[in-house]
Amino acid sequence: MKIAADFTIPYYQYLSDEGKPLDSFPEQLCNTDLWVRFYKHMVLVRTFDQKVVALQRTGQMGTYPSSLGQEAIGSAVGFSMASDDVFVPYYRDQATQLLRGVPMEDIMRYWGGDERGSVFTGDAKEDFPTCVPIATQITHAAGIATAFKVRRQRRAVVTTCGDGATSRGDFSESLNLAGTWQLPMVVVVNNNQWAISVRREEQTAAETIAQKAISAGIEGIQVDGNDPIALLHVLNHALEKAHNAKGPTLIEAISYRLCDHTTADDATRYRSAEELSKGWEREPIKRLQNFLYGKKLWDEDQEKQLIASCKEQVQSAVEVYTSIESEPAEAMFDYLYADLPQALEEQRADVIHKASNMRRGA
Amino acid sequence: MTQFQATPEPHKNPISGEQPEIETTKATLVEAINLALAHSMQHDENVVVLGEDVGTNGGVFRATVDLKSEFGLRRVMDTPLAETLIAGITIGMASQGLKPVCEIQFMGFIYSTVEHIVSHAARMRNRTRGRLTCPMVLRAPYGGGIHAPEHHSESTEAMFAHIPGLQVVVPSSPARAYGLLISAIQSPDPVIFLEPKRIYRSVKQNIVNNGEGLPLETCFTLKQGDDITLISWGAMIQETLEAATKLEEQNIHADVIDVASIKPLDMTTILASVERTGRCVIIHEAAKTCGVGAEISAQIAEKGLLSLLAPIARVAGYDTIMPYYRNEDYYMPSTQQIMEAALKTMAFQ
Ligand SMILES: Cc1ncc(C[n+]2csc(CCOP(=O)(O)OP(=O)(O)O)c2C)c(N)n1
Ligand SMILES: [Mg+2]
């Protein structure tokens, strides 16, 4: 017997759970300004999530998936992407979307039942909208990466998914293609240990999710998903590869979902309080805060100011969100095709009539 | 809107959509597909072709033959064997402004694309309020009658016709295949383009390879008559025309309508014809229940009931699994069945 092939999966971590450096940082990441910006962004995202969940609890928002405890992953993706790259999200990616220039009120509108929430601006103009059918977005990302190749553009696509999503064919088919065609693409898995109520161990017997890259012939990396430095490091590496036609990368970011799956879920039905409190010991915001305090880059005054300013920002977005009028009823017809087929004109007229009756209470 | 306005005339020959005989190439339906693809790729560098075996092999039916050697690897892509993926990457490419034409080798393997077609392609414009769109074509050979293995003979166009945001197109002659595919590729919205493989090579026709498209929202009137309206699409147009010719021997003159655009449906043309004839038979290969024929008859009942002189008749496939090929002819609607239905409709007082 000889070994036909041999593989290893690296794991990256630079900050201990308590925020102590375990290793010297890569030179590119010895950037105090970036650390502070990263921290501020995570706090903003947490403030945002808390507020949107509160809106849902008071009947002003639809079902919402918080990213509590996983803020570092999306932030790292947002901080490392180039503005003309394309981001193809799943549904727990508010941290990245905000960094891509999607206004807070747009994210609220999407979950608040308004299609206009996906009319992105800023760097996100070509980014895909929030994707609900699990893992389907990964194939779209592969298609966008193919378009970059066809047109010889030096751009990259980053797509994200959860640990549950890695069981789907779309995930495997896309990685397989990314390897075969050497697509400029990065797939980031937010392994938050749960797919609603199903544990990571019940998804796959594979020791790591990162090793699924091996079967596709691409690089697979595992990283501490609550460690901003490690995340930035592996993302910079993967994006540099993608921008230089050096092929795709799969990144498994290990984190923990500190919230319910969505506001419609009750996680106490399936996981213990003990497990949850363990999760809190590793969470990313406290970790980076400890690090910044240790480096004397942050103090309590700044913390107070930050919290106040995040609340203010979120509050003004809430005001925009709650003041926007709904679209007219016929909007459901107006973006179905470039031009409305004649066959639908009658139905469109009907809904206008129906809406006016409804307004009059008829 | 007047319900019974005249048929919007398709280009060229106002009746059939077929072209006058100048500077033409003789082509079968599958060759016409190839010509339309090549012409589109020649004149628009955004057009790319992808699918299983579409490259070097030129497709299992040869619809994409020579495209790879002419346009290269970047624009003619042999994909891995993964239909979900093919649909998904097609959507991604389309969002970037490419005009991808993907091939699903047989309609029997289209089902794993359905999630992408329904949940993404059909909705992309709507869910981004027009920011991202999906100008893609998904081509697939479909239908029975070629003694193919299991899963290679079904007609499930009604599944797609049910989905808001899609267009579903079925050509029934080489010239219409050419013109409709040209338009499908240039359409700003997704088109499911179903090719009746039974007639891929059955007739040759003159094609003007000038890149002119045919409208996607209209029926084509293939034959005019005032006594009865025969409505069909795809390969069944052959039997329908044959029946119409036989009916002429009995001095019954049929309007023969090729629906061509299954979605959106051009009911204006159909209703105008039924208004004139008062009698109609709808013919399709797909299973009868919830077939597109059901939709057409419902709309005739809604808007043209008072012009009917006889009940609407449907000649369709049975509500059974398509038999394997030894018995497939029992399943396929026949000229004889169409004749019988037409004569019964004519006899109704
Ligand atoms: C194709 C599909 N199947 C099922 C669902 C319902 N669903 C929504 S989220 C979810 C769990 C996903 O878990 P994971 O991929 O780990 O992502 P996470 O929510 O944990 O971030 C399920 C089953 C869905 N949205 N799409
Ligand atoms: Mg998960």
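User: Right, helices here are DSSP runs of H or I, at least four residues long, numbered from the N terminus. With that settled, which helix gives the largest share of the lining of the largest cavity?

Analyst: That's α2(A), with three residues. Keep in mind that this is a predicted model.

User: Noted. What's the volume of that cavity?

Analyst: The largest cavity comes out at about 80 Å³. Two elements of chain A, α2 (71–80) and α3 (94–99), each give two or more residues to its lining.

User: Which residues line it?

Analyst: From chain A, the lining takes in A:S67, A:Q70, A:E71, A:I73, A:G74, A:Y90, A:R92, A:D93, A:Q94, A:A95, A:T160 and A:N190. Sorted by class, that's three nonpolar, six polar and three charged residues.

User: How many cavities of 30 Å³ or more are there?

Analyst: Four in the structure. The second largest cavity holds about 50 Å³ of space.

User: Which chain lines that second one?

Analyst: Chain B does: the residues around the second largest cavity are B:Y142, B:G143, B:S155, B:E157, B:P196, B:W233, B:G234, B:A235, B:M236, B:E285 and B:A286. Six of the lining residues are nonpolar, three are polar and two are charged.

User: Switching to pockets. What's the volume of the largest one?

Analyst: The largest pocket has about 1100 Å³. It has 38 lining residues, and A:A343, A:L344, A:Q347, B:E295 and B:Q299 are the closest to its centre.

User: Residues from both chains, then. Which elements supply at least two lining residues each?

Analyst: On the chain A side, α13 (331–334) and α14 (345–359); on the chain B side, α6 (157–161), β12 (261–263), α9 (267–277) and α10 (292–304). The largest share is from α10(B), with seven residues.

User: And what's the class make-up of that lining?

Analyst: For the largest pocket, 21 lining residues are nonpolar, nine are polar and eight are charged.

User: Since α10 of chain B came up, is B:G293 in that helix buried or exposed?

Analyst: B:G293, which sits in α10 of chain B, is buried because its relative accessibility is 0%, and the cut-off for buried is under 20%. Beyond residues up to four places away in sequence, B:G293 touches B:W233, B:I282, B:H284 and B:R314.

User: W233 again, from that second cavity. How far is B:G293 from B:Q96?

Analyst: Their C-alpha atoms are 37 Å apart, with the two positions 197 residues apart along the chain.

User: What about just before α10: where does B:C290 sit?

Analyst: In the loop between β13 (280–287) and α10 of chain B. B:C290 has a positive phi of about 60°, although it isn't a glycine. It counts as exposed, since its relative accessibility is 64%.

User: Which residue in chain A has a positive phi without being glycine?

Analyst: A:Q182 is one, with phi near 50°. Its loop runs between α6 (169–180) and β4 (185–191) of chain A. A:Q182 is partly exposed, at 37% relative accessible area.

User: Back to chain B. Which residues does the cis peptide bond join?

Analyst: B:K263 and B:P264, with omega at about -5°. B:P264 is in the loop between β12 and α9 of chain B.

User: And B:T64, where's that one?

Analyst: In the loop between β2 (47–51) and α2 (67–71) of chain B. B:T64 is buried, with 0% relative accessible area.

User: What does B:T64 contact further off in the sequence?

Analyst: Setting aside neighbours within four places, B:T64 is in contact with B:N34, B:L37, B:V49, B:V54, B:G58, B:G59, B:E103 and B:R139.

User: Last topic, chain B as a whole. How many helices and strands?

Analyst: Twelve helices and 14 strands. Chain B has a radius of gyration of 20 Å, close to the 20 Å from the globule rule for 349 residues, so it is as compact as a globular protein of that length. Its C-alpha trace spans about 60 × 50 × 45 Å along the principal axes.

User: What percentage of it is buried?

Analyst: Of the 349 residues in chain B, 63% are buried. The chain exposes about 12900 Å², with carbon and sulfur atoms supplying 52% of that. As for contacts with a separation of 6 or more, 82% are between residues 24 or more positions apart.

How values were computed: Residues are numbered from 1 along each chain as its sequence is written. Chains are lettered from A and ligands numbered from 1 in the order in which they are written. This is a predicted model: local features need pLDDT of at least 70, side-chain atom pairs count only at pLDDT 80 or more; totals for chains, interfaces and linings use all residues. Side-chain values use heavy atoms; hydrogens and water are left out. On a 1 Å grid over the protein atoms alone, a cavity is a set of points where a 1.4 Å probe fits but cannot get out, and a pocket is an open set with protein on both sides within 12 Å along at least five of seven lines; lining residues have an atom within 4 Å of a point. Grid points are joined across faces, edges and corners, and a volume is the space filled by probe spheres set on the points. Ala, Val, Leu, Ile, Met, Phe, Trp, Tyr, Cys and Pro count as nonpolar, Asp, Glu, Lys and Arg as charged, and the others, Gly among them, as polar. The radius of gyration is taken over C-alpha atoms; the globule rule is 2.2 Å times the number of residues to the power 0.38. Buried means under 20% relative accessible area, exposed over 50%, partly exposed in between (1.4 Å probe, protein chains only). Contact means heavy atoms within 4.5 Å. Accessible areas come from the Shrake-Rupley method with a 1.4 Å probe; for residues, only the protein chains shown count as cover.
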